[in-house]
Amino acid sequence: MKLFGYKPTATAWLGLAIITIFIVIAVFADVIAPYSESESVGQTWDDPSWDFLLGTDNIGRDMLSRLIYGARMTIGVALVTTILSFLIGTTAGFLAAVGGTVIDQILSRIVDVMLSIPLLIFALIILSVFGSSIVTLVLTLAVLDSTRVFRLARAVATNLVVMEYVEAAKLRGEGLWWIMRREILPNALPPMISEFGLRFCFNFLFVASLSFLGLGIQPPYADWGGMVRDNGKAISFGLPAPLWPALAIAMMTVGVNLVVDWILSINSRPSGASAEM
Amino acid sequence: MLKTIAVRIVLGIITLWAVSILIFAATEILPGDVASAILGQGATPETLAVFRHELGLDRPAYVRYLEWFFNALHGDLGIAMTNKRVIVDVITPRFMNTLFLAGYAALIAVPTSVVLGIIAAINEGKFIDRFVNIVSLMTISVPEFFIAYVLILYFAVQFEIFPSLSTVFPEMGFIEKIYTTALPAFTLTMLVMAHMLRMTRTSVLSIMSQPYIEMAFLKGLTRSQVIVRHALPNAAAPIISVIALNLAYLIVGVVVIEVVFVYPGVGQFMVDGVTKRDLPVVQACGLIFAGAFVGLNTIADVLAIMVNPRLRHPR
């Protein structure tokens, strides 16, 4: 079986399977989850049983149902953040490459300074001012993450700007926006796609970490990072409660990484070589 | 060489200054008003005015920035809003704790990862190389608290070797401190090791294709002799800069780990400050973290210049 003309490796299939399952779970959470997101149905940290397959959490909610609903929130927030970050980052990066030295210098220096503060620290500073509603969370992370996207987009685009076809478009009198969209973007797409996977992983872990610190997605919404935080104390009684959501986070990032590795190996392969695979 | 290094250090100082502006701007001048953001929608205009005056927000931003910046240069980071304590007094012992934890982790992580990286390079493609590779890939992709909780579950709860909470006191002896902070240090070690290890392996392997390495093989040296004597010295530059970069990440990775293990460091202090929306505390912690980050990055660059002959004598 082929995907976009390439045959995925075994590990890529594993990654694709994990991602597909998690996304199906996230989309159909209402149908799949045996209990609701916020209803207390048992005792604190009940053992796994036929009623509660993974046991219950710190206030007696069904762990499995929380995990299922949590998929929606955690993956959703990370995905929206990454898409937004790519919109901002690629636009600014292409603009810096195409728009001339002045724009390039201004944007690059701003990004340089922003990159010299660790992301987590920067995010904490901004969240302390605005508080963490989901909208501010997504916006903050997207803007901060876009600095990383900017770097790649600019680097890729500066290599493309010197091509003859871009020159031709400029001589034809095409506008900046047109050149960015029709000449640069299609040619910059392959490296950007694998970067998208990596940035998604990063943002996903980042949202989870912030929620774990109590500064990300806020209750009553279930999210994996927050669930680890809520159930953290169970570990000192030898109960595995916080490990389930943490494991879910780990599986998702490993899954995406496996697929990204496969995409990277396609890109680095000389064209046509894939026929023998 | 001295000139290149001096330029790099000056650049570091300028960066730090720019960072201080950014931190200040992020907390004070961003769209929206800090006072109303903190007090919420229900605040009356009078309380807002009083609160603004208390924060000094009724003065122009640049005046407040200069005041904050010069005070910070003199070691005065202001007073915490929530409990009115002098921030420097609270933060200094915590900073020492954070440095202790980060240094502890670095002391384990750096030698282990370099040695493992070299072993992986010597046995390229064999079982041990693949094993090290897979394990390091996994530690990169799992969240830090996952590693932390797994370690707690096994080493603190099941076998009861180490304590699960790392509360340290100033009176504690050195050995006792090492013992109490073992688990957070191990977690941090695993977090930063993967990257350093892989970089060591790749830098060594990338040099293996050079002609002088082939020469060494043709002389009849064994693979491990070639790697240790011929490849490693030339791979040192990238390895050293990756190590310094990872130490910078270590400083940040500390935040989550400190919260998991309830370790009294700057990271936990900052998270507390953010939860309570105590802006001076957040600014101070942010400045310290950013300072450490920029500082280590500068050191990384300076070391890279000193180690690499081509950079040492720029044309």
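This is a short walk through a two-chain model, from the overall layout to one helix in each chain.

Remember that the model is predicted. Let's start with the chains.

Chain A has 10 helices and zero strands. Its C-alpha atoms fill a box of roughly 70 × 55 × 30 Å along the principal axes. It has 277 residues, and 46% of them are buried. Look at its contacts with a separation of 6 or more. Residues 24 or more positions apart account for 69% of those.

Now chain B. Here we have 14 helices and, again, zero strands. The box for the C-alpha atoms of chain B is roughly 85 × 60 × 35 Å, taken along the principal axes. Of 315 residues, 39% count as buried. For contacts with a separation of 6 or more, residues 24 or more positions apart make up 72% in chain B.

Next, the interface. How many residues does each chain put into the contact? Chain A gives 36 and chain B gives 39. On the chain A side, the elements giving two or more residues are α4 (101-115), α5 (119-130), α8 (176-212) and α10 (243-268). Which of them gives the most? That is α5(A), with nine residues. As for chemistry, the chain A side divides into 28 nonpolar, eight polar and no charged residues.

Let's stay on α5(A). It has 12 residues. From first C-alpha to last it reaches 16 Å, close to the 16 Å expected at 1.5 Å a residue. The helix is mostly covered, with 10 of its 12 residues buried. The buried residues include A:Leu120, A:Ile121, A:Phe122 and A:Leu124. A:Ser128 is also buried. After the helix comes A:Gly131, with a positive phi near 75 degrees.

One of those residues comes back in the core. The largest nonpolar core has 166 residues. Which residues touch the most other members? They are A:Leu124, B:Tyr149 and B:Met196. By element, helix α11 (residues 223-260) of chain B gives the most to this core, with 19 residues. B:Tyr149 is worth a look across the chains. Setting aside residues up to four places away in sequence, it touches A:Ile235, A:Pro242, A:Leu243 and A:Ala246.

Now to chain B, and helix α12. Begin just ahead of it, in the loop between α11 and α12, where B:Val262 is found. Most residues other than glycine have a negative phi. B:Val262 is not a glycine, yet its phi is positive, about 50 degrees. Is B:Val262 buried or exposed? It has 12 C-beta neighbours inside 10 Å, so it counts as exposed.

The helix itself is another matter. α12(B) is mostly covered: eight of its 10 residues are buried. Among them are B:Val266, B:Gln268, B:Met270 and B:Val274. What covers these buried residues? The cover includes α5 of chain A, and also α5, α11 and α13 (279-307) of chain B. So far we have met α5(A) as the element that gives the most to the chain A side of the interface. Just after α12(B), B:Arg277 takes a positive phi of about 55 degrees.

Take the packing of α12(B) on α5 of chain B. The axes of α5 (residues 87-122) and α12 (residues 266-275) come within 8 Å and cross at roughly 130 degrees. That crossing makes α5(B) oblique to α12(B). From α5(B), the contact uses B:Ile91, B:Arg94, B:Phe95 and B:Thr98. From α12(B), it uses B:Val266, B:Gly267 and B:Phe269. Together these residues divide into four nonpolar, two polar and one charged.

Last stop, B:Gly267. It sits in helix α12 of chain B. Why does B:Gly267 count as buried? Because it has 28 C-beta neighbours inside 10 Å. Leaving aside neighbours within four places in sequence, B:Gly267 is in contact with B:Thr98, B:Val254, B:Val255, B:Glu258 and B:Val259. Then there is B:Phe289, 22 residues from B:Gly267 along the chain. The C-alpha atoms of the two are separated by 8.6 Å.

That's the tour. I'm happy to take questions.

Notes:
Residues are numbered from 1 along each chain as its sequence is written. Chains are lettered from A and ligands numbered from 1 in the order in which they are written. This is a predicted model: local features need pLDDT of at least 70, side-chain atom pairs count only at pLDDT 80 or more; totals for chains, interfaces and linings use all residues. Axes are lines fitted to C-alpha atoms, for helices over the stretch in contact, and angles run from 0 to 180 degrees between N-to-C directions. Helices (H or I, at least four residues) and strands (E, at least two) are DSSP runs, numbered from the N terminus. Angles under 35 degrees count as roughly parallel, over 145 as roughly antiparallel, 65 to 115 as roughly perpendicular and the rest as oblique. Two residues are in contact if their C-beta atoms, placed from the backbone, lie within 7 Å. Ala, Val, Leu, Ile, Met, Phe, Trp, Tyr, Cys and Pro count as nonpolar, Asp, Glu, Lys and Arg as charged, and the others, Gly among them, as polar. A nonpolar core is a set of buried Ala, Val, Leu, Ile, Met, Phe, Trp, Tyr and Cys residues joined through C-beta atoms within 7 Å. A residue is buried if 20 or more other C-beta atoms lie within 10 Å of its own, exposed if 12 or fewer, and partly exposed in between; C-beta atoms are placed from the backbone. The expected span of a helix is 1.5 Å times one less than its number of residues.
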